[in-house]
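Trainee: Could you take one part of this model and go through it closely with me? I would like to see how a single residue is placed, and then how its surroundings fit together.

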Amino acid sequence: VVHRDLKPLNVMVGPFGVVKVMDWGVAFKKDEGVRQTLAVAGSGAPAPGDVMGTPAYMSPEQARGDSWRIDERADVFGLGGILCAILTSLPPYPGTSTRKVHARAARADLTDAFARLDASPAPRELVRLTKRCLAPHPGARPRDAGEVTAALTSYLDSDLRQAARDLVLFFELSPDLFCIA
């Protein structure tokens, strides 16, 4: 299933940290090469030229209406947009004019987003992952959300291991520091 409108407003965190993706109105199901919309009000598979989603988080292929190219990697772009918003406080394509934002998305004009990511104090590994997810060409993005999840899990695991090493080092140094004091 391809959601086609992943953005912070469509992701909710419930009790006990359970994450839910909301608003499946423009989603479609890939079924043996045939695309079927899941929307209650949907009128069939996305047609060439259809542009659906939120321009500030839209993959270039969505913004251009290249419906035959839209697959899981369009949602990976949306995940990258969410990461971009978390790390920089702005979506990949910020702006107040929907028309201008849409045009930037169609051109894959990510210069500003990448500059903001580079300037952010975020760990470089997360910045690299975010940029991979936001790659203008779908083939350069992680294949699906599972690949993004694996990369995030690996990062978090390594961060936890570093914290554990720091804690061990602190307790190893504490007797020495106590003696010095």
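Mentor: Start with Ile86. Is this residue buried or exposed? Ile86 counts as exposed, because its relative accessibility is 61% and the cut-off for exposed is over 50%. Keep in mind that this is a predicted model.

Where does Ile86 sit? Ile86 belongs to helix 2. That helix covers residues 72-88. Now look across to Ala122. Ile86 and Ala122 are 36 residues apart along the chain. Their C-alpha atoms are separated by 9.7 Å.

Next, follow helix 2 to its partner. Two packed helices are described by the angle between their axes and the distance between the axes. Helix 2 packs with helix 5, which spans residues 124-133. The angle is about 140°, and the axes are 7 Å apart. That angle makes helix 2 oblique to helix 5. Over 145 degrees would count as roughly antiparallel. The crossing of the two helices, helix 2 and helix 5, is left-handed.

Go now to Glu72, which lies in helix 2. Glu72 forms a salt bridge with Arg143. The closest N and O atoms of this pair are 3.5 Å apart. Why does the pair deserve a second look? Arg143 lies in the loop between helix 5 and helix 6 (145-180), while Glu72 lies in helix 2, so the salt bridge ties together parts that are 71 residues apart in sequence. How open are the two ends? Glu72 is partly exposed, at a relative accessible area of 27%. Arg143 is also partly exposed, with 38%. The pair has company. Asp71, Glu72, Arg73 and Arg143 are linked in a network of salt bridges.

How many salt bridges does the count give? The count comes to 11. Two others are useful to compare with the one you have just seen.

Take Arg116 and Asp112. Their side chains meet in a salt bridge, 3.2 Å from N to O. Arg116 and Asp112 both lie in helix 4, four residues apart, about one turn of the helix. Arg116 is buried, with a relative accessible area of 15%. Asp112 counts as partly exposed, because its relative accessibility is 35%.

Then take Arg104 and Asp109. The side chains of Arg104 and Asp109 meet in a salt bridge at 3.8 Å, N to O. Arg104 is buried at 17%, whereas Asp109 counts as partly exposed at 25%.

Now the backbone. Most residues other than glycine have a negative phi. Ala108 has a positive phi, near 60°, and is not a glycine. Look for Ala108 in the loop between helix 3 (98-107) and helix 4 (111-119). Is Ala108 buried or exposed? Ala108 is buried, since its relative accessible area is 17% and buried means under 20%.

Asp23 offers a second case. Its phi is positive too, about 55°, although Asp23 is not a glycine. Asp23 lies in the loop between strand 2 (19-21) and strand 3 (28-31). Asp23 is partly exposed, at 43%.

Stay in that loop for a moment. Ala27 has its place there as well, between strand 2 and strand 3. How much of Ala27 is accessible? Its relative accessible area is 0%, so Ala27 is buried. Now find His3. Ala27 and His3 are 24 residues apart in sequence. In space they are 4.2 Å apart, C-alpha to C-alpha.

Val1 gives you the opposite case. Val1 is exposed, with a relative accessible area of 57%. Val1 lies in the segment before strand 1 (11-13). Which residues share a nonpolar surface patch with Val1? They are Val21 and Trp24. The three together have about 270 Å² of accessible area.

Finally, step back to the chain. Six helices and four strands make up its secondary structure. Along the sequence the order is β-β-β-β-α-α-α-α-α-α. The protein chain has 181 residues, and 36% of them count as buried. Return to Ile86 with that in mind: Ile86 sits in helix 2, and at 61% relative accessibility Ile86 is exposed.

Methods
Residues are numbered from 1 along each chain as its sequence is written. This is a predicted model: local features need pLDDT of at least 70, side-chain atom pairs count only at pLDDT 80 or more; totals for chains, interfaces and linings use all residues. Side-chain values use heavy atoms; hydrogens and water are left out. Patches are made of residues with over 30% relative accessible area and no salt bridge: like charges are joined within 9 Å, nonpolar side chains (Val, Leu, Ile, Met, Phe, Trp, Tyr) within 5 Å. Accessible areas come from the Shrake-Rupley method with a 1.4 Å probe; for residues, only the protein chains shown count as cover. A salt bridge is a side-chain nitrogen of Lys or Arg within 4 Å of a carboxyl oxygen of Asp or Glu. Buried means under 20% relative accessible area, exposed over 50%, partly exposed in between (1.4 Å probe, protein chains only). Axes are lines fitted to C-alpha atoms, for helices over the stretch in contact, and angles run from 0 to 180 degrees between N-to-C directions. Angles under 35 degrees count as roughly parallel, over 145 as roughly antiparallel, 65 to 115 as roughly perpendicular and the rest as oblique. A crossing is left-handed if the near helix is turned anticlockwise from the far one by less than a right angle, and right-handed if clockwise.
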